[in-house]
Amino acid sequence: LADDPDRNVLVVSDHGGGSLDGVVNLNAWLAREGFLEYASAGTMATGGEAARHAVFRVDRLRRRLPRRLRSFARRRAPKLRDRVHQLRDYSVIDWRRTRAFAYGTFGSIVVNLEGRERFGTVDPSEYDALRADIAGGLESLTDPANPNAQVVEDVMLKEELRDVDGSDSLNPNRSGDVVVV
């Protein structure tokens, strides 16, 4: 390309062009701080997670079945496909012992709130205090290689966000309860 003076080259990114100095695995941090619990092998077996994993593997194998057989199964059990899709989303998180978890890749942390989340563990009266604990911990997070370097630029609570067209991470209706920048 460099040898052709009549050719234009355009480099485009839909995620910006800023530098990336490091990555924080928010779920690992939440687990280390005691906000998230991973499922043990025993918890996965008793909590239905092993069954979900098995369904996921069977669902992947269904593609090897002849098309006529798959079509027959859809007609005979129309709701089975939806149920398989629900079950195949197994998790290694112990939801019944988890208070908060990171969702997606844009710094959204969700409180596992009773009445809102399927296996909510946090009483609504504890919601604000938990978010403050999480935000405080993240604001004091430093780089292990350089303890004087703060890792997180900003932590915002859901109600501090403003609606930004096209932005899921900064839209209060589509973000987590705590957003890490």
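These are my notebook entries from a first look around this structure.

**Entry 1: getting my bearings**

I began by noting that this is a predicted model. I then looked up the overall build and found 6 helices and 6 strands in the protein chain. Reading from the N terminus, I wrote the order down as α-α-α-α-α-β-β-α-β-β-β-β. I also checked burial for the whole chain: 27% of its 181 residues count as buried.

**Entry 2: Thr98**

Next I picked out Thr98, which sits in the loop between α5 (80–88) and β1 (100–103). Is Thr98 buried or exposed? Its relative accessible area is 0%, so Thr98 is buried. I then looked up what its side chain reaches. One contact of the Thr98 side chain is with the backbone nitrogen of Glu37, at 3.1 Å. Another goes to the backbone oxygen of Asp94, at 2.8 Å.

**Entry 3: salt bridges**

I moved on to charged pairs and noted a count of 7 salt bridges. I looked at some of them one by one.

I started with Arg32 and Glu33, whose closest N and O atoms are 3.6 Å apart. Arg32 counts as exposed because its relative accessibility is 58%. Glu33 has a relative accessible area of 41%, so Glu33 is partly exposed.

Then I turned to Arg116 and Asp177, whose side chains meet in a salt bridge with an N to O distance of 2.6 Å. Which parts of the chain does this pair link? I found distant ones: Arg116 is in the loop between β2 (108–111) and α6 (127–139), while Asp177 is in the loop between β5 (155–157) and β6 (178–180), and the two are 61 residues apart. I checked the accessibility of both partners too. Arg116 is partly exposed, with a relative accessible area of 39%, whereas Asp177 counts as buried at 1% relative accessibility.

My next pair was Asp128 and Arg131, with side chains that meet in a salt bridge at 3.1 Å, N to O. Both belong to helix α6, and because they are 3 residues apart there, about one helical turn separates them. Here, too, I noted each partner's surroundings: Asp128 counts as exposed at 52% relative accessibility, but Arg131 counts as buried at 2%. I also found a network, in which salt bridges with shared partners join Glu37, Asp94 and Arg97. I had already met two of these names in my Thr98 entry, where the Thr98 side chain reaches the backbone nitrogen of Glu37 and the backbone oxygen of Asp94.

**Entry 4: patches on the surface**

I finished on the outside. Which residues form the positive surface patch? I wrote down Arg67, Arg68, Arg74 and Arg75. I took a closer look at Arg75, which I located in helix α4 (residues 67–76). Its relative accessible area is 57%, so Arg75 is exposed.

I also found a nonpolar patch on the surface, formed by Leu65, Leu69 and Phe72. Together these residues have about 260 Å² of accessible area. I chose Leu65 for a closer look and placed it in the loop between α3 (49–61) and α4. At 39% relative accessibility, Leu65 counts as partly exposed; the range for that label lies between under 20% for buried and over 50% for exposed.

Conventions: Residues numbered from 1 in each chain as written. Predicted model: local features only at pLDDT ≥ 70, side-chain atom pairs only at ≥ 80, totals over all residues. Heavy atoms only, no water. Patch = residues over 30% accessible without salt bridge, like charges linked within 9 Å, V, L, I, M, F, W, Y side chains within 5 Å. Areas by Shrake-Rupley, 256 points an atom, 1.4 Å probe, with all protein chains shown as cover. Salt bridge = Lys/Arg side-chain N within 4 Å of Asp/Glu carboxyl O. Lys, Arg positive; Asp, Glu negative; His and termini not counted. Charge placed at Lys NZ, Arg CZ, Asp CG, Glu CD. Helix = DSSP H or I, 4+ residues; strand = E, 2+ residues; numbered from the N terminus. Buried < 20%, exposed > 50% of the residue type's maximum accessible area, 1.4 Å probe, protein only. Polar contact = N/O pair within 3.5 Å; in protein donor to acceptor, adjacent residues only side chain to side chain.
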